[in-house]
Amino acid sequence: MAQSAQKITLSLSRDIPFDKLMLSQSNVRRIKAGVSVEELAEDIARRGLLQSLNVRPVLDADGKETGKFEIPAGGRRFQALSLLVKQKRLAKNAPVPCVVRDVASDILAEDDSLAENMQRVALHPLDQFRAFAALREKGQGDEEIAAAFFVSPQVVKQRLKLTSVAPALLEIYAEDGMMLEQLMAFTVNPDHDRQIQVWEAIRSSWSKEPYQIRRMLTETSVRASDRRAVFVGVEAYEAQGGILLRDLFQGDDGGWLEDPALLDHLVADKLQSEAQAIVAEGWKWIEISTDLPYGYSHGLRRLNGDPAPMTDDEGAAHAKLLAEYRAIEEEYEGQDEFPEETDARLGKLEAAMEKLEARPLIFDAKEIARAGVFVTLDRYGELAVYRGFVRPEDEPREEADVHSGEPAADGQGGDAALSGSANVESCAAGTVITSGGQALGAGLSDEEDDGALKPLPERLVMELTAHRTLALREAVGRSPDVALTLLLLKLVGDTFCRSSASGSCLEASVRHVFMSAQAPDLKDSVVAKLVDDRHAEWEAELPLGDDAALWEYLTSLDQASRLSLLAHCLSFGINALHEKVNPYGAGISASGLTRRMAHADFVAQAVDLDMVEAGWEPTVEGYLNRVPKARILEAVREAKGEGAAQLLDHLKKGEMATEAERLLKGSGWLPEVLRRHDLAALDHMDASEGQGASGEEIDLPAFLTADLPAEEVPMLAAE
């Protein structure tokens with residue numbers, strides 16, 4: 001007869017009074033880790049003891065049981081119970097559930113202690129996330145959950161946010177198909193379809209960094225730090241149903257606004273509301289624009305206004321601020337520097353005084369009736385209002401005798417006065433608010449965007465040459481000798497070549513060319529500021545509006561000043577713009593465009609123009625994202641060598657453009673349209689020598705060096 005296998009007998013469990021228990025020296029845990037004893041005591045007080053203590057009888061010298069029990073496994077639970085007894089929240093003889101090991105067992109106490117600590121498996125993070133979600137579904141709030149598990153409410157929010165990831169991606173994470181950091185990155189966009197789409201796009205790529213996932217999930221969104229978002233306010237955007245994407249796991253600069261169209265609509269509405277508030281001032285027109293282009297006031301006369309005096313309250317406030325400022329200066333007189341808090345206070349006082357001193361201008365009422373206002377945003381998202389611009393067609397008209405140049409006599413003089421009055425009345429008929437040159441409510445058409453990426457698109461060439469034109473204006477404006485040569489070139493051409501000029505005895509004039517195609521950052525460029533500053537300096541000196549006084553002023557200038565003024569005026573006629581060629585006569589011809597660009601190159605050489613020093617750089621928005629990948633690789637190859645280009649050739653267009661911008665920054669690389677012809681051969685020679693160098697160190701893309709120690713980067717580049 002077969003003998004049956006012996007059954008396993010488990011250790012008995014029983015309740016033992018707390019005062020009969022003691023810690024065992026056989027407990028292998030020596031180092032504190034995990035939840036503190038205090039937090040464990042609070043948890044036991046809330047929910048009771050979830051796990052029994054593992055104990056053994058204590059024997060005396062004769063091997064007999066003493067009635068005491070030592071604890072080789074469960075020491076932290078015992079310490080927590082001891083704390084509750086000490087706090088008089090638990091009785092000294094309270095029964096404690098214990099599993100009692102047989103005295104005759106050949107299993108060592110250290111064996112039991114080690115097994116209990118090593119054989120337990122930590123909860124998978126996904127199970128923890130789902131458990132938090134289940135607690136919330138059953139009525140517990142974030143604060144309550146956080147208090148129960150001794151974590152901050154932010155940690156609970158982060159854990160619950162992870163459960164918003166697409167179920168398919170959660171399963172991939174559960175099977176160790178992605179890292180926790182990658183799963184966290186997917187939480188920035190709640191669209192499950194988009195999350196799966198992004199994962200499918202990168203899963204076969206060797207580069208699946210969390211920052212790349214975040215970028216792909218927010219590429220069509222607008223950052224909350226964008227000046228449009230700052231102007232409208234995130235709260236107003238959300239109140240209109242706009243979705244705000246947030247990243248709870250790292251700094252997100254306020255998040256991303258998911259609906260750019262709604263944001264633009266809110267910006268336009270708020271600008272229109274601000275414009276409506278200005279209507280009461282009586283201006284003829286108000287032009288609103290999110291972004292005014294460089295040269296927006298060209299051809300307009302700027303009104304001269306008088307600063308409004310301070311009110312009694314404003315004057316008293318200014319005097320109080322000034323007194324405090326001077327008192328602080330006197331207190332720290334003779335010291336090298338102010339304490340940090342004092343320096344900050346002085347800064348606040350200065351800002352407050354400057355705000356009071358920046359007085360609004362008071363204009364003549366008749367001038368207001370024919371002038372207008374620009375309402376826009378500054379670079380920080382604050383409202384910017386520029387008042388007092390008169391269009392040529394709104395200037396007061398005066399009838400004149402075309403032969404003598406004198407005002408008409410007799411009754412015609414009265415008619416002239418009537419004409420000027422009627423002009424003012426027509427101006428004051430009502431303020432017209434426009435946007436993009438069209439009256440609001442007229443059905444603005446969206447700008448066409450065919451999405452085609454062609455090698456150096458014509459629009460891009462026009463914008464690039466706008467940069468070059470402005471840089472040439474700045475350079476010629478400070479180069480009288482070059483300006484004089486350029487003027488002579490124009491005059492000689494007009495004198496000895498066929499000209500269609502008519503209407504005056506001299507057709508040597510400067511026509512300020514407006515740049516219809518320009519990059520958004522042109523107005524904030526270095527050369528734009530230099531030109532504007534120089535123009536403002538001359539404008540402040542010249543007695544404009546009085547030809548006799550202007551003539552006397554010009555004749556009184558020394559030769560150097562006259563040449564400087566000539567150069568400045570002439571610089572506004574610089575036109576190195578690429579334009580569409582019109583073969584049918586209107587506009588510029590192909591030969592004319594070629595001749596224009598050749599002349600521009602002569603001038604660039606003469607003034608030693610350097611577009612890099614002028615502030616142009618190949619950025620994603622301004623160049624790299626608007627040319628084919630082959631052009632991007634060509635730029636990196638020319639600037640950094642073939643090795644750097646090969647490191648990028650597998651990337652997608654957007655990623656390639658971003659990495660190329662980083663690699664090209666500070667390299668001095670320029671597209672062909674911005675290069676000087678006399679330096680092209682030299683540049684080509686330098687590039688060839690650079691590519692042939694065997695010991696060249698390659699500047700690696702960020703995604704190859706993000707996780708490498710600094711000392712290993714040159715080694716990888718050499719490989």
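1. In this predicted model, the contact between two helices is a useful place to start: Lys629, Ile632, Leu633, Ala635, Val636, Ala639 and Lys640 in α24 meet Lys653, Met656, Ala657, Ala660, Leu663 and Leu664 in α26. Sorted by character, the residues of this contact of α24 with α26 comprise 10 nonpolar and 3 charged, with no polar ones.

2. The geometry of that pair can be read alongside its contact. Helix α24 spans residues 629-640 and helix α26 spans residues 653-664, and the two pack at an angle of about 20 degrees with their axes 10 Å apart. Angles under 35 degrees count as roughly parallel, and α24 and α26 are therefore roughly parallel to each other. The crossing in which α24 passes α26 is left-handed.

3. Helix α26 also has a contact with α10. Helix α10, residues 210-217, packs with α26 at an angle of about 115 degrees, the axes being 12 Å apart, and the crossing of α10 and α26 is right-handed. On the α10 side the contact is made by Tyr211, Gln212, Arg215 and Met216, and on the α26 side by Glu655, Thr658 and Glu659. The residues of the contact of α10 with α26 divide into 2 nonpolar, 2 polar and 3 charged, whereas those of the contact of α24 with α26 include 10 nonpolar and no polar residues.

4. A further helix pair to inspect is α20 with α22. Helix α20 (residues 526-541) and helix α22 (residues 559-571) pack at an angle of about 130 degrees, and their axes are 11 Å apart; that angle makes α20 oblique to α22. The crossing of α20 and α22 is left-handed. Val531, Arg534, His535 and Trp538 of α20 form the contact with Ser561, Ser564, Leu565, His568 and Ser571 of α22. By character, the residues of the contact of α20 with α22 are 3 nonpolar, 5 polar and 1 charged.

5. Proline 480 should be examined together with the previous point, since Ser564 appears again among its partners. Proline 480 lies in helix α19, which covers residues 480-496. Leaving aside its neighbours within four places in sequence, proline 480 is in contact with Leu563, Ser564 and Ala567. Proline 480 and alanine 567 are 87 residues apart in sequence, yet their C-alpha atoms are 4.9 Å apart in space.

6. Two residues deserve a check of their backbone angles. Lysine 88 has a positive phi of about 60 degrees although it is not a glycine, and lysine 88 lies in the loop between α2 (75-86) and β5 (95-100). Aspartate 608 likewise has a positive phi, of about 55 degrees, although it is not a glycine, and aspartate 608 is placed in the loop between α23 (590-606) and α24.

7. What is the relative accessible area of lysine 88? The value is 76%, and since exposed means over 50%, lysine 88 is exposed. Aspartate 608 also counts as exposed, at 55% relative accessibility.

8. Methionine 184 and glutamate 350 both sit in helices, and a reader may wish to view each with a partner from elsewhere in the sequence. Methionine 184 has its place in helix α8 (residues 180-185) and is buried, with a relative accessible area of 16%. The C-alpha atoms of methionine 184 and leucine 162, which are 22 residues apart along the chain, are separated by 6.4 Å. Glutamate 350 is found in helix α15 (residues 340-357) and counts as partly exposed, at 34% relative accessibility. Between the C-alpha atoms of glutamate 350 and tyrosine 325, 25 residues apart along the chain, the separation is 8.1 Å.

9. Finally, some totals for the chain give these local points their setting. The chain contains 29 helices and 16 strands, and buried residues make up 34% of its 719 residues. Of the contacts in the chain with a separation of 6 or more, 73% are accounted for by residues 24 or more positions apart. The chain exposes about 43,300 Å², and carbon and sulfur atoms supply 52% of that area.

Notes: Residues numbered from 1 in each chain as written. Predicted model: local features only at pLDDT ≥ 70, side-chain atom pairs only at ≥ 80, totals over all residues. Heavy atoms only, no water. Axes fitted to C-alpha atoms, helices over the stretch in contact; angles between N-to-C directions. Helix = DSSP H or I, 4+ residues; strand = E, 2+ residues; numbered from the N terminus. Parallel < 35°, antiparallel > 145°, perpendicular 65-115°, else oblique. Left-handed = near helix turned anticlockwise from the far one by under 90°. Contact = heavy atoms within 4.5 Å. Nonpolar A, V, L, I, M, F, W, Y, C, P; charged D, E, K, R; others polar. Buried < 20%, exposed > 50% of the residue type's maximum accessible area, 1.4 Å probe, protein only. Areas by Shrake-Rupley, 256 points an atom, 1.4 Å probe, with all protein chains shown as cover.
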